[in-house]
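The following exercises concern the surface, burial and packing of one protein chain. Each task is followed by a worked solution.

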Amino acid sequence: MQAAAAPMSLLTAWQFLVELGHDEPNPFQDSHHSPAPLEGKTVLVNGAAGGVGHLMVQVAKWKGARVIAVASGRHEALLTDLGADAFIDYTKQPAETVMQDVDLVIDAVGGSNMERFLNVIKKGGALYLVNPLGFSGHEEAQRRGIVVSTAQVRSNGAQLAQAGRLLDDGTIRVVIDSTFSMAEASAAHDRAGRGSMQGKVVLINE
């Protein structure tokens with residue numbers, strides 16, 4: 001049931017952090033995305049409470065990382081419960097002003113000024129962009145020795161089955177922000193557009 005609620009979000013977390021699992025061309029970069037080992041690493045997830053972000057937090061934790069979640073303050077209790085080791089309320093302090101020497105930043109938000117996260121990543125670290133459109137810091141990243149990468153996520157039944165087993169045993173859970181019928185699709189779209197979501201917006205076919 002949980003896997004059915006968020007298959008592409010699960011696959012996004014899986015293909016970014018565990019295994020890409022396909023050889024399809026990446027329209028955003030010349031090379032294929034290659035997930036970095038996370039055991040013992042420090043990982044910062046921006047947009048950690050969202051539909052993709054809350055799964056990134058859990059997968060990174062499962063892979064052995066120390067996870068720092070960035071979201072608004074109302075999500076702190078949830079993200080701590082999901083396994084985040086530390087929490088930053090971006091409405092009070094920007095993550096880039098309080099963090100440094102992070103191994104990996106995952107930006108699950110996108111938008112303007114994604115380049116700011118380069119300031120918190122150590123040399124040899126990485127920045128993963130779920131939505132890379134508008135990122136303009138490639139030259140700076142190269143100067144700093146930071147890998148910037150994104151993945152073109154593709155359907156993969158075997159990966160979804162693997163992730164589904166982690167859902168079944170409670171290692172990962174899918175948080176539902178709100179549920180709408182197919183007839184309420186426009187309302188669901190409006191909810192997603194308002195942001196500050198806690199998990200996934202789900203459409204059900206009644």
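**Exercise 1.** State how much area the chain exposes and what share carbon and sulfur atoms supply.

*Solution.* The chain exposes about 10100 Å², and carbon and sulfur atoms supply 48% of it; accessible areas come from the Shrake-Rupley method with a 1.4 Å probe, and for residues only the protein chains shown count as cover. The model is predicted: local features need pLDDT of at least 70 and side-chain atom pairs pLDDT 80 or more, whereas totals for chains, interfaces and linings use all residues. Residues are numbered from 1 along each chain as its sequence is written, and side-chain values use heavy atoms, without hydrogens and water.

**Exercise 2.** Determine what percentage of the 206 residues counts as buried, and examine helix H2 (residues 7-17) in this respect.

*Solution.* Step 1: buried means under 20% relative accessible area, exposed over 50%, and partly exposed in between (1.4 Å probe, protein chains only). By this criterion, 48% of the 206 residues are buried.
Step 2: helices (H or I, at least four residues) and strands (E, at least two) are DSSP runs numbered from the N terminus. The chain has eight helices and eight strands.
Step 3: in H2, nine of the 11 residues are buried, so this helix is largely enclosed by the rest of the structure. Among them are Leu 10, Trp 14 and Phe 16.

**Exercise 3.** Describe the side-chain directions and the pairing of strand S1 (residues 42-46).

*Solution.* Step 1: five of the five residues of S1 are buried. Thr 42, Leu 44 and Asn 46 point one way, while Val 43 and Val 45 point the other way.
Step 2: S1 runs parallel to strand S2 (residues 66-71), to which five bridges join it; pairing requires at least two DSSP bridges between two strands. Opposite Thr 42 stands Arg 66 in S2.

**Exercise 4.** Is Ser 149 buried or exposed, and with which residues beyond its neighbours within four places in sequence is it in contact?

*Solution.* Step 1: Ser 149 lies in strand S6 (residues 147-149). Its relative accessible area is 6%, so Ser 149 is buried.
Step 2: with contact taken as heavy atoms within 4.5 Å, the partners of Ser 149 are Phe 16, Gln 29, His 33, Leu 127, Tyr 128 and Leu 129. The C-alpha atoms of Ser 149 and Leu 127 are 6.4 Å apart, although 22 residues separate the two in sequence.
Step 3: for the chain, residues 24 or more positions apart account for 54% of the contacts with a separation of 6 or more.
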